[in-house]
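Thank you for making time this morning. I would like to walk you through one structure, taking its side chains a few at a time, and I will try to go slowly.

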Amino acid sequence: MARVYQQAFATTLSNVARTDYERITVKPLAGALGAEIGGVNLARLDDKTFAEVHRAFLDHSVIVFREQDITPEQHAALGRRFGALMIHEFVAGLADHPEVMPVVKEPREAFVFGNVWHTDMTFREIPPLGSLLYALEVPEYGGDTMFASTYAAYDALSATTRKLIDGLYAIHSAGQVYGPKGELNEEGFQTGNQATRIHVKKEAEKTMEHPVVRTHPETGRKCVFVNLAFTTGIRGMEPEEADPILRMLCEHSTKPDFTCRVRWQKGTLTFWDNRCTQHYALNDYPGRRRRMHRVTVQDKTRPR
Ligand code: SIN
């Protein structure tokens, strides 16, 4: 146990404030990941500031901007600076901006979208590079989002476990969430929770394989790439063999030491690197409304 913790803390040292930014300020949120970025108007981002924002994104995996005021067009345009935008096949976008996905909980609703540790859309052949979530209306307290660094999770594993999982391929599917037998298919769910518009489809049951340990295409760092919501097995293993390994990796990847927590205000925009993080939207604000817009950026290559 002691050795594991030593390794985890060694990793956390990488999330220190760097001083070589000229246009922006960068204030780490926690030891493992996350930083608040200052000095930026996201509606008008010149190339030099954009380059620094991109560097901060790679350095900290989750970057948070406060007091922004952007339209859906500006939100989508910001996402496009990082790559092509994705349209979620199981969650409706805005009628006039299908690439902008409302993530909403009304006061009468119990369901909170993203209320399980997950990495977005790993059921896709090329899962997202990242997502930009913008807060339009938030409860006075509650409704935070937690993030976990899967770099830190990998770095903290023993050499023996790394040897076991390096080279394995995991099976991913949207079926257990968005499929006809998935958890969002219940009639009660469909009638009682409609603010975030979920489309249950048979095609959600399709499977996709990705490495259990992936190498980040821009930083070259290794990270654990399995999650509770969408990972269903390991290629070549029986469920009795795969399930305990996946359970251990999912629990390990979201240990408190590897997390940070974003408290939202109206106008906060958070951009997370979906290749090296997981996140969890808290369901702790019954009777209150939370309204967000999400833009999801496509990655360029399959996880390797
Ligand atoms: C998501 O998983 O995309 C939603 C996160 C949140 O609403 O905090």
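Let me begin with a group of rings, where Phe50, Phe57, Phe82 and Phe271 are linked into a cluster by ring pairs. Before I go further, please keep in mind that what you see is a predicted model.

How many aromatic pairs does a search of the whole structure find? The search finds ten, and one of them is formed by Trp117 and Tyr280, whose rings are 5.6 Å apart from centre to centre, with 45° between the planes, an arrangement that is called tilted. This pair links distant parts of the chain, since Trp117 is in the loop between strand E5 (100-105) and strand E6 (128-137), whereas Tyr280 is in strand E15 (residues 277-281), and the two are 163 residues apart. Trp117 counts as buried, with a relative accessibility of 15%, while Tyr280, at a relative accessible area of 25%, is partly exposed. If you wonder why the first is called buried and the second is not, it is because buried means under 20% relative accessible area.

Another pair is made by Phe123 and Tyr178, and here the pair is edge-to-face, because the planes stand at 75°, with the ring centres 6.4 Å apart. Phe123 lies in the loop between E5 and E6 and Tyr178 lies in helix H6 (residues 175-178), so this pair ties together parts of the chain that are 55 residues apart in sequence. Phe123 is buried at a relative accessible area of 7%, and Tyr178 also counts as buried, with 3% relative accessibility.

Now I would like to turn from rings to charges. The count of salt bridges comes to 23, and I will show you three examples.

In one of them, the side chains of Glu109 and Arg108 meet at 3.8 Å, N to O. Which of these two partners is buried, and which is exposed? Glu109 counts as buried, because its relative accessibility is 6% and the limit for buried is under 20%, whereas Arg108 counts as exposed, because its value is 59% and exposed means over 50%.

A further salt bridge joins the side chains of Asp166 and Lys222, at 3.5 Å from N to O. Where do these two sit along the chain? Asp166 is in the loop between helix H5 (159-165) and strand E8 (169-173), and Lys222 is in strand E11 (residues 222-224), so that the pair links distant parts of the chain, 56 residues apart. Asp166 is partly exposed at 29% relative accessibility, and Lys222 is partly exposed as well, with a relative accessible area of 34%.

The remaining example is the salt bridge between Arg275 and Asp273, whose side chains meet at 2.9 Å, N to O. Both Arg275 and Asp273 are buried, and they belong to a network of salt bridges that also links Arg214, Glu218 and Asp299.

To finish, let us look at the surface, where Glu238, Glu240, Glu241 and Asp243 gather in a patch of negative charge. If you would like to find one of these residues for yourself, Glu240 is placed in helix H8 (residues 239-253), and it counts as exposed because its relative accessible area is 62%, where exposed means over 50%.

Definitions and conventions. Residues are numbered from 1 along each chain as its sequence is written. This is a predicted model: local features need pLDDT of at least 70, side-chain atom pairs count only at pLDDT 80 or more; totals for chains, interfaces and linings use all residues. Side-chain values use heavy atoms; hydrogens and water are left out. Patches are made of residues with over 30% relative accessible area and no salt bridge: like charges are joined within 9 Å, nonpolar side chains (Val, Leu, Ile, Met, Phe, Trp, Tyr) within 5 Å. Accessible areas come from the Shrake-Rupley method with a 1.4 Å probe; for residues, only the protein chains shown count as cover. A salt bridge is a side-chain nitrogen of Lys or Arg within 4 Å of a carboxyl oxygen of Asp or Glu. Lys and Arg count as positive and Asp and Glu as negative; His and the chain ends are not counted. The place of a charge is taken as NZ of Lys, CZ of Arg, CG of Asp or CD of Glu. Helices (H or I, at least four residues) and strands (E, at least two) are DSSP runs, numbered from the N terminus. Buried means under 20% relative accessible area, exposed over 50%, partly exposed in between (1.4 Å probe, protein chains only). Rings of Phe, Tyr and Trp (its six-membered ring) pair if their centres lie within 6.5 Å; planes under 30 degrees apart count as stacked, over 60 as edge-to-face and the rest as tilted.
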